[in-house]
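Visitor: I would like a close look at one part of this protein, the sheet, and then at how the rest of the chain is laid out around the helices. Please take it step by step.

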Amino acid sequence: MSQSALTLRQPRRILWALWIALALVWFAAVPLRPLLDPDEGRYAEIPREMLVSGDWVTPRLDGLKYFEKPPLQYWATATAYSLFGQSEWTARLWTVGLGFLCLPMVFAFTTRLRGAAAGLCALLTLAVSPYFEIVAHLNLLDAGFTLWLTGAVFAFALGQCEPVDSARQRRWMLAAWMAAALAVLSKGIVVGVLAGASLVLYTLIERDYRPWRRLHLRAGLPLFILVTAPWFIAVSRRNPAFLHFFFVHEHFARYLTAVHQRVEPWWYFGMILLIAALPWLVSLPRSMSAAWCERTAENIFKPLKFMLIFAAVTLLFFSTSESKLAPYILPMMPPLAVIVGGSVAEPASFLRRVALVTGLLLLLLGGGLIVHSLQRNGSLPHSVVPWLVASAAAAVCAIIVSGRMRGTVSVPAVWACVAAVTLGCQCLLSGYAEVPPQRSAYRLALAVRPLIHPQTQLFSIGQYRETLSPYLQRTLQLVQFNGELAFGLGEEPWKQLTGEAFLSQWNHATDAVAFLDPAMLDSWRGRGLKGRVVARDHDTVAVSRL
């Protein structure tokens, strides 16, 4: 179908209104879900402690030094807390907001390369991926990292397509350096591995060394250093152990060894990719082939081929790692969306098919959530039903919109489909959070909070429940536990109590609350733990001395 058959020309104010409406839908359920253990609690708590302590250089979790990741997201979230207060919404604002910005970035980049019809197809391709939607709505580091890393890749590709040494090329390349620096401050030096390896492979495959001469190193490298170096220098001066832990333990040991106990088979990310690409999976092989065989004018950079190489490098790099977590390959999704959208021959047919498949997939996922709850609990909690109904309604809307994408496709129709899928995925995620066992300490903290005063001593025995601290807005005294806090405890070992020291403090206390695994309660009772149980859930029981 020709682009003229598509009703793509909209007044700018209409497009702005559509983007604003989509942003409102994107954030609709963000404040309605409790923070989930462990990651959402961790990345909500570190900024809280940063704001309370006033130390924006040394990240801390439960009062202990925590150097697993750089601080950009912590800074942004702490700023959100200071402006709008602490809540689920502000805890997720940075990551969910940057996840949303991936959509207009993909739309604008593909439109610039292949026209508005391709831009619409790329937008829908990214937005309907259940993997992208769900990861982007969690308080993780991956959505922000994805925006900055793919922003660097997109800016680099645009810069390479501009006339040599032109002002526009310089601006795009400096934007690429800046985005790469922000990606480093989001998740570390893996940025250089992914982007650098992609450029090396592209050079070797195309036998084209000109991109290296267009990097604008004289201006770009100082800009990169100016953005990244100050924090690394400041945190290293205050914490001599930082450099070895961050670079050796958190990068090389994480990649080469099973030290983090996140071992999965080599094909793990291949399966994640199949799930992520499910709504447009049938179009992916042809799109990848078209990107590989991309033809451009002589001496012109091949952006789609570079996107394909970057996606392949990302998949291969993380597949060979000894540490694997599902969100790691999220940076593949925007480039793949560009590849698919930029290779569509019949936009109307593609958009209609993808919208229909996505609507049916949402219904299937809702059914899967019901089966999961019945198998695990023998029943479906009443609190899950409204989320399932809302998700099903969103799925039906996507299917109806797909039925109207015949012959012509309007921009509002595509936006309506994206909004429906966005809302449906959020409802499924919210419903999943309600299925027992509870994956958040929200209700436990709510039950215990009336017993906690500024002078109340708080202990965590044999565990550290990440969502307790942000909801109680307090750190916990650890008892016989290391876990992810082992490095911080190694730096400040006096911040952990032995069992005997804890019992001595506990039995002399008059205002204290302890949190521990329910399976450990009888054992600690036998050791002399006094007090009454005031709240419990599947993972934690709270005992009070009042």
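Guide: What follows starts with the sheet, moves to three helix pairs, and ends with some backbone details and the overall dimensions. The model is predicted.

The sheet is open and has six strands in the order 5-4-3-6-8-7, and the pairing is mixed. Strand 5, residues 496–497, and strand 7, residues 532–536, are the edge strands, each pairing on one side only. As background, strands of a sheet pair through backbone hydrogen bonds, and the pairing can be parallel or antiparallel.

Take the edge at strand 7. Strand 7 runs antiparallel to strand 8, residues 541–544, and four bridges join the two. The connection between strand 7 and strand 8 is a hairpin of four residues. Within this pair, Arg536 stands opposite Val541 of strand 8. Arg536 belongs to the edge strand, since strand 7 covers 532–536.

A helix lies across this sheet. Helix 23, residues 499–508, crosses strand 3 (457–461), strand 4 (477–479), strand 5, strand 6 (512–516) and strand 8. The angle between helix 23 and strand 3 is about 150°.

Next come the helix pairs, beginning with helix 18 and helix 19. Helix 18 spans residues 385–404 and helix 19 spans residues 411–434; their axes come within 8 Å and cross at roughly 160°. An angle over 145 degrees counts as roughly antiparallel, and helix 18 and helix 19 are therefore roughly antiparallel to each other. Their crossing is left-handed. On the helix 18 side, the contact is made by Trp387, Leu388, Ala390, Ser391, Ala394, Cys397, Ala398 and Val401. Helix 19 contributes Ala413, Ala416, Cys417, Ala420, Val421, Gly424, Cys427, Leu428, Ser430, Gly431 and Glu434. By class, the contact between helix 18 and helix 19 has 14 nonpolar, four polar and one charged residues.

The second pair is helix 14 and helix 15. Helix 14, residues 284–292, packs against helix 15, residues 303–319, at an angle of about 120°, with the axes 7 Å apart. Helix 14 and helix 15 are therefore oblique to each other, and their crossing is left-handed. Here Met288, Ala291 and Trp292 of helix 14 meet Leu304, Lys305, Leu308 and Ile309 of helix 15. The contact of helix 14 with helix 15 divides into six nonpolar residues, no polar ones and one charged.

The third pair is helix 3 and helix 4. The axes of helix 3, residues 72–84, and helix 4, residues 88–114, come within 9 Å and cross at roughly 140°. Helix 3 and helix 4 are therefore oblique to each other. Their crossing is right-handed. From helix 3 the contact takes Leu72, Gln73, Ala76, Thr77, Ala80, Tyr81 and Phe84, and from helix 4 it takes Trp89, Thr90, Ala91, Leu93, Trp94 and Thr95. The residues of the contact between helix 3 and helix 4 comprise nine nonpolar, four polar and no charged.

Some backbone details remain. Most residues other than glycine have a negative phi, and most peptide bonds are trans. Asp62 has a positive phi of about 55° although it is not a glycine. Asp62 sits in the loop between strand 1 (60–61) and strand 2 (64–65). The peptide bond from Asp37 to Pro38 is cis, with omega near -10°, and Pro38 lies in the loop between helix 1 (12–26) and helix 2 (39–53). Another cis peptide bond runs from Pro436 to Pro437, with omega near 0°. Pro437 is in the loop between helix 19 and helix 20 (442–448).

Finally, the chain as a whole. The protein chain contains 24 helices and eight strands. Its radius of gyration is 25 Å, close to the 24 Å that the globule rule gives for 546 residues, so the chain is as compact as a globular protein of that length. Along the principal axes, the C-alpha atoms of the chain fill a box of roughly 80 × 55 × 45 Å.

Technical notes
Residues numbered from 1 in each chain as written. Predicted model: local features only at pLDDT ≥ 70, side-chain atom pairs only at ≥ 80, totals over all residues. Heavy atoms only, no water. Pairing = 2+ DSSP bridges. Contact = heavy atoms within 4.5 Å. Axes fitted to C-alpha atoms, helices over the stretch in contact; angles between N-to-C directions. Parallel < 35°, antiparallel > 145°, perpendicular 65-115°, else oblique. Left-handed = near helix turned anticlockwise from the far one by under 90°. Nonpolar A, V, L, I, M, F, W, Y, C, P; charged D, E, K, R; others polar. Rg over C-alpha atoms; globule rule 2.2 N^0.38 Å.
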